[in-house]
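Q: Please take a close look at a single part of this structure, the contact between chains, and then set that part in its wider surroundings. The account should suit someone who has not met the structure before.

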Amino acid sequence: MKAIVLAGGRGASMAPFSSTRPNPMLPVCGSYVIDYTLGMLKAAGVNLANMVVGSHADVIKSHLSHGHPSGMAIHIINQGKQAMIGKAILKAKSRFSPGEHFVLVYADTLTTSNIFSVALQSFGLHNDPVASICHTGSAEKYGAVYLGQDMKITKIIEKPKKKAGLGNYVLSGVFVLPERFFGYLEKARGDMEQALKNLIDKETLRASIWENDWLDMAYPWDILTANRMIMDQWKTAEIHHSVELSETIIKGPVRICQGAEVRAGSVLEGPAFIGPGAFIGHNVLIRPYTCVGANSVIGVGAELKNCALFPGVNVGRLSFIGDSVVGESVDIGAGTMTINRTIDSKPVKVKVGGKIVDTGLEKIGAFIGDKAVIGASNTLAAGVKIDPGVMIPHNCSVHHRC
Amino acid sequence: MCGIAGIVALEDISARLVQSIRNLEYRGYDSCGIAMLNGSGKIKISKNIGSVEEVCEKENFGRLKGSVGIAHTRWATHGGVTKSNAHPHMSCDNGFSIAHNGIISNHEKLRTRLKNAGHRFRSTTDTEVIVHLVEDWHRKVKSVEKAFVAAMRELDGTYAVILVTGHEPDRIYCARNESPLLIGLGDYVNYIGSDLNAFIDHTKNAVFMEDKEYAIVTHDSCILKRISDGETMSRQVQELMWDSEMAQKGGFPHYMLKEIYEQPQVVHNALDIDPELVEGFARMALEKKTLHITGVGTTFYVSQIGQYYFSRYAGVTPMVISSDEFRFLAQVDKDTAIIAVSQSGETYDTLNALRYGKSHHATTGAIVNVMGSSMARMVDQMILQGSGPEICVISTKAALSQMIILARIAMAAGVMNGRITAKQARGYEAQLRELPAAIENVLNEKSGFIHTIAQQQSHIKHWLFLGRGRYYPVARESALKMKEVSYVHAEGMPSGFLKHGTIALIDENLNSVVFAPPEEEKELYKLTLSSAEEIRARDGYVLGLTFKQKKKEKLPFTEQIVLPKTPPFTAPFLQMVVAQLLSYFTATTLKRNIDRPRSLAKSVTVA
């Protein structure tokens with residue numbers, strides 16, 4: 001079987017990280033989101049992934065230019081300028097012949113076990129088209145599903161409002177569809193919602209219930225959740241034989257990759273991830289759910305807690321980075337503090353695309369875009385976003401929500 | 001639901017055929033049988049009541065040798081569980097044999113016609129008309145295919161049918177309409193089954209039949225045609241990507257969820273039970289001086305709910321004793337009626353209670369889900385729930401069905417003794433008829449909220465489930481569900497009981513669920529809310545299961561699941577469905593063994 005992997009979305013709400021990469025290229029514990037997806041698709045029996053790319057296509061193309069470690073065959077399709085989802089799917093039409101079925105995947109979701117094999121098993125039962133469904137705390141962003149007792153989907157409400165649909169199962173962005181679905185899409189002029197509606201009216205769409213964890217990578221703080229999901233699977237510490245360790249305390253499942261160095265006096269509390277070639281200076285405290293990207297450098301006496309550092313990050317000495325996401329090649333000066341809570345301990349609010357979004361989380365730090373430079377002795381308020389490449393002088397306090 | 005299987009090969013298939021229906025047994029298991037064509041083109045049938053294992057031993061299936069055969073495992077819908085009603089069925093001249101899954105709705109009309117034409121019927125099933133119909137047409141048209149198609153065109157209803165015949169001993173004919181059927185393709189052997197479990201041990205290549213199609217299957221060919229005009233259909237061979245467990249669960253992740261989702265249908269089935277049977281129980285309940293309702297575990301709480309419905313709608317308060325305690329407490333004589341409730345009909349304690357009752361000359365009745373069970377055979381009157389096989393060890397759909405049936409009996413008794421009018425009873429029945437749609441709505445529109453709450457509260461180790469009146473037994477049953485499936489401690493009690501001791505336990509480590517009645521049950525409503533306030537005043541977490549109010553007022557709950565406006569008669573049932581989901585999602589969050597919780601067995605047949 002072949003797949004269509006939709007990886008062309010703009011992911012605007014993921015800013016500042018989506019300004020330089022598409023969501024499927026967000027790093028999570030040393031791999032990219034797309035790597036997890038392709039690996040699981042391959043394990044579920046899919047041999048060829050038609051990747052529909054658009055926004056920052058070059059980033060995905062260069063990542064997959066030498067194929068994929070899973071052995072998945074890759075075919076890249078450009079979706080051209082931003083289009084509706086349905087139109088992006090239609091770009092792959094010529095890759096399929098009549099009677100064929102394919103797996104359709106929205107590539108900015110993450111699961112820790114194989115959602116595709118479950119959907120394909122459901123497909124195998126009746127040979128009817130299948131939509132994978134799951135529960136999520138925020139149903140208003142997805143399609144709410146109505147289900148009959150034989151797992152037939154009877155109705156879908158796209159982006160439900162207050163009245164109905166908020167307590168329903170939602171579409172989880174994984175489908176098994178027949179080639180004739182392109183016909184439905186063409187008829188609906190690329191409107192995915194309408195095409196699914198017509199499919200339900202004319203034939204049968206069955207549900208495959210997904211009960212394990214599922215994350216839609218929509219907001220920058222979802223990167224922290226993604227790291228947590230992956231790390232929660234770890235039971236043991238794994239330290240590559242090449243790692244230089246001296247007088248370090250390691251507790252719990254800590255993963256330290258090839259060529260990393262950890263200096264004396266450091267404490268690493270797992271689960272935590274130290275990428276290849278990373279350098280952890282003397283007396284650094286790494287607390288649970290920290291992910292240090294490849295070749296990052298953490299200065300003396302710094303403290304990292306529940307944060308994601310993309311590759312090539314410098315954290316100057318005596319800094320505290322907590323509940324934050326730090327983009328690729330960011331340089332953080334010495335003594336920089338992220339503030340990770342509001343003064344009254346109310347959930348932190350973050351500005352997303354002009355709107356204030358309540359994260360529902362009591363602890364949120366800063367979100368720093370790629371290649372930003374933060375001077376020494378800065379304080380970054382909770383929920384602050386810093387755009388890629390921005391340079392912040394020494395001794396500043398950043399309050400505003402960019 | 002039944003399971004059917006067929007194999008066409010060149011060598012002996014007897015062992016494989018028996019294995020096929022063994023693999024389909026989850027679809028039904030009250031009787032089974034096989035029909036085999038022997039080398040000389042004669043059909044031999046072997047069938048009986050019991051599980052595949054039992055019948056295989058009793059009838060020695062292995063002695064029937066052949067290379068073309070069909071088999072069936074049954075869950076009775078039409079006709080009792082008897083040897084003659086077991087499938088496959090034979091035509092008068094023994095030239096055709098058929099097995100069937102589904103319901104033929106015009107079977108009575110056809111039966112009358114065929115009887116008039118001289119056909120002798122050996123069973124009371126709807127299936128047998130099909131085989132006589134084919135035989136009848138064959139006499140006229142002299143072609144098996146034409147006769148088979150002509151017969152299919154005459155059938156109304158749902159069917160998956162397979163047929164073997166001595167006239168063409170190298171093939172199997174099959175057809176489907178709204179009942180599942182698929183064909184598995186092997187090397188010089190082809191298979192037919194209700195689902196892929198029938199042949200998955202042998203091949204993964206399958207052809208899916210569609211409604212109103214028939215197929216002619218030989219050891220090396222399979223031709224699909226449309227019933228209406230005989231046009232040949234082309235169909236791609238699919239490689240099955242499957243999981244046998246998953247197939248049995250119909251695609252649901254667990255039997256428990258599947259069975260929860262089957263409840264709308266199960267309520268329909270409970271309401272379709274013959275009113276005469278229900279009235280028979282009501283009469284028995286009223287005629288005797290003392291009425292007992294008994295069960296154990298879930299069925300004890302089912303009995304308790306029955307007690308409340310009897311009291312409120314029939315003005316009679318039956319004794320309800322847990323069946324394991326029955327002998328030590330119940331006073332039984334010939335002026336006593338006992339209604340026993342048991343899904344399997346094999347529950348040791350309940351059987352014992354009935355035996356005790358019978359030895360003291362009581363009149364007995366049972367509500368059971370498994371036809372032909374010990375209990376069904378032993379009582380004076382029996383109501384078969386018709387809930388379909390319940391595979392999850394934890395009872396959901398069977399319990400709801402039993403509650404509905406007891407409510408119906410209570411209503412019938414109320415009409416008989418003048419406690420309620422026939423018009424009122426019709427009104428309540430109409431409300432029950434609306435319950436399936438209400439359950440469907442709750443399953444669809446509330447499951448997400450319930451899931452979120454279950455996840456957020458999954459760290460809690462102790463729960464109280466509180467209700468008053470008819471909501472009290474539902475609270476107890478719901479607490480039992482929580483214990484069984486999630487291994488979390490839960491206690492169900494009357495909410496009025498709380499302040500007489502248990503309230504001392506309230507703190508941030510103990511959560512409560514309050515089953516609040518609809519607001520038109522004024523007194524109950526007020527009293528129930530006051531218990532919630534008592535808990536809140538002590539900083540306890542309270543989840544309220546409430547119904548939509550006319551005027552929105554602030555209620556004393558930490559969180560609420562607000563159900564649509566529901567009449568009081570059916571309100572407790574709807575809340576029970578919510579509580580089932582709460583237990584289920586708590587258990588999935590805690591990664592419990594949902595369908596086979598530790599230490600539990602489906603039917604407790606020991607002391």
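A: Contact between the chains involves 26 residues of chain B and 25 residues of chain A, two residues being in contact if their C-beta atoms, placed from the backbone, lie within 7 Å. The model is a predicted one, in which local features need pLDDT of at least 70 and side-chain atom pairs count only at pLDDT 80 or more, while totals for chains, interfaces and linings use all residues. Residues are numbered from 1 along each chain as its sequence is written, and chains are lettered from A and ligands numbered from 1 in the order in which they are written.

On the side of chain B that touches chain A, the elements giving two or more residues are helix H6 (244-248), helix H8 (263-271) and helix H15 (422-456) of chain B. Helices (H or I, at least four residues) and strands (E, at least two) are DSSP runs, numbered from the N terminus. H15(B) provides the largest share of this side, 8 residues. By character, the side of chain B that touches chain A has 11 nonpolar, 11 polar and 4 charged residues; here Ala, Val, Leu, Ile, Met, Phe, Trp, Tyr, Cys and Pro count as nonpolar, Asp, Glu, Lys and Arg as charged, and the others, Gly among them, as polar.

Within helix H15 of chain B lies Lys446(B). Lys446(B) counts as buried because it has 22 C-beta neighbours inside 10 Å; a residue is buried if 20 or more other C-beta atoms lie within 10 Å of its own, exposed if 12 or fewer, and partly exposed in between, with C-beta atoms placed from the backbone. Apart from neighbours within four places in sequence, Lys446(B) is in contact with Gly167(A), Ile561(B) and Val578(B). Val144(B), by contrast, is 302 residues from Lys446(B) in sequence and 53 Å from it in space, C-alpha to C-alpha.

The domains give the wider setting. Chain B is divided into domain 1 (3-248), domain 2 (250-420) and domain 3 (439-607), with bounds that come from an automatic or database domain assignment. Between domain 1 and domain 2 of chain B, the C-alpha centres are 35 Å apart, and 9 residues of domain 1 of chain B are in contact with 7 residues of domain 2 of chain B. Those on the domain 1 side comprise 6 nonpolar, 2 polar and 1 charged.

Chain A has domain 1 (2-218) and domain 2 (236-398). Their C-alpha centres lie 32 Å apart, and 10 residues of domain 1 of chain A are in contact with 17 residues of domain 2 of chain A. On the side of domain 1 of chain A that touches domain 2 of chain A, 6 residues are nonpolar, 4 polar and no residue is charged.

Turning to the interior, the largest nonpolar core holds 334 residues, among which Val145(A), Ile172(B), Cys174(B) and Ile183(B) touch the most other members. Such a core is a set of buried Ala, Val, Leu, Ile, Met, Phe, Trp, Tyr and Cys residues joined through C-beta atoms within 7 Å. Helix H14 (residues 397-416) of chain B gives the largest share of this core, 13 residues. Beyond four places in sequence, the residues that Ile183(B) touches include Tyr191(B), Ile192(B), Val207(B) and Cys222(B).

Chain A also contains an open sheet of 8 strands in the order S15-S18-S21-S24-S27-S30-S35-S38, with parallel pairing; two strands pair if DSSP finds at least two bridges between them. Strand S15 (244-245) and strand S38 (391-392) of chain A are at the edges and have a single partner strand each, so one side of each lacks a neighbour in the sheet. Further in, strand S21 (residues 279-280) and strand S24 (residues 297-298) of chain A are joined in the parallel sense by 2 bridges, and Phe279(A) stands opposite Val297(A) in S24(A).

The loop between strand S23 (290-292) and S24 of chain A contains Asn295(A). With 17 other C-beta atoms within 10 Å, Asn295(A) is partly exposed. Leaving out residues up to four places away in sequence, Asn295(A) touches Gly277(A), Ala278(A), Pro311(A) and Gly312(A). Asn295(A) and Gly275(A) are 20 residues apart in sequence and 6.9 Å apart in space, C-alpha to C-alpha.
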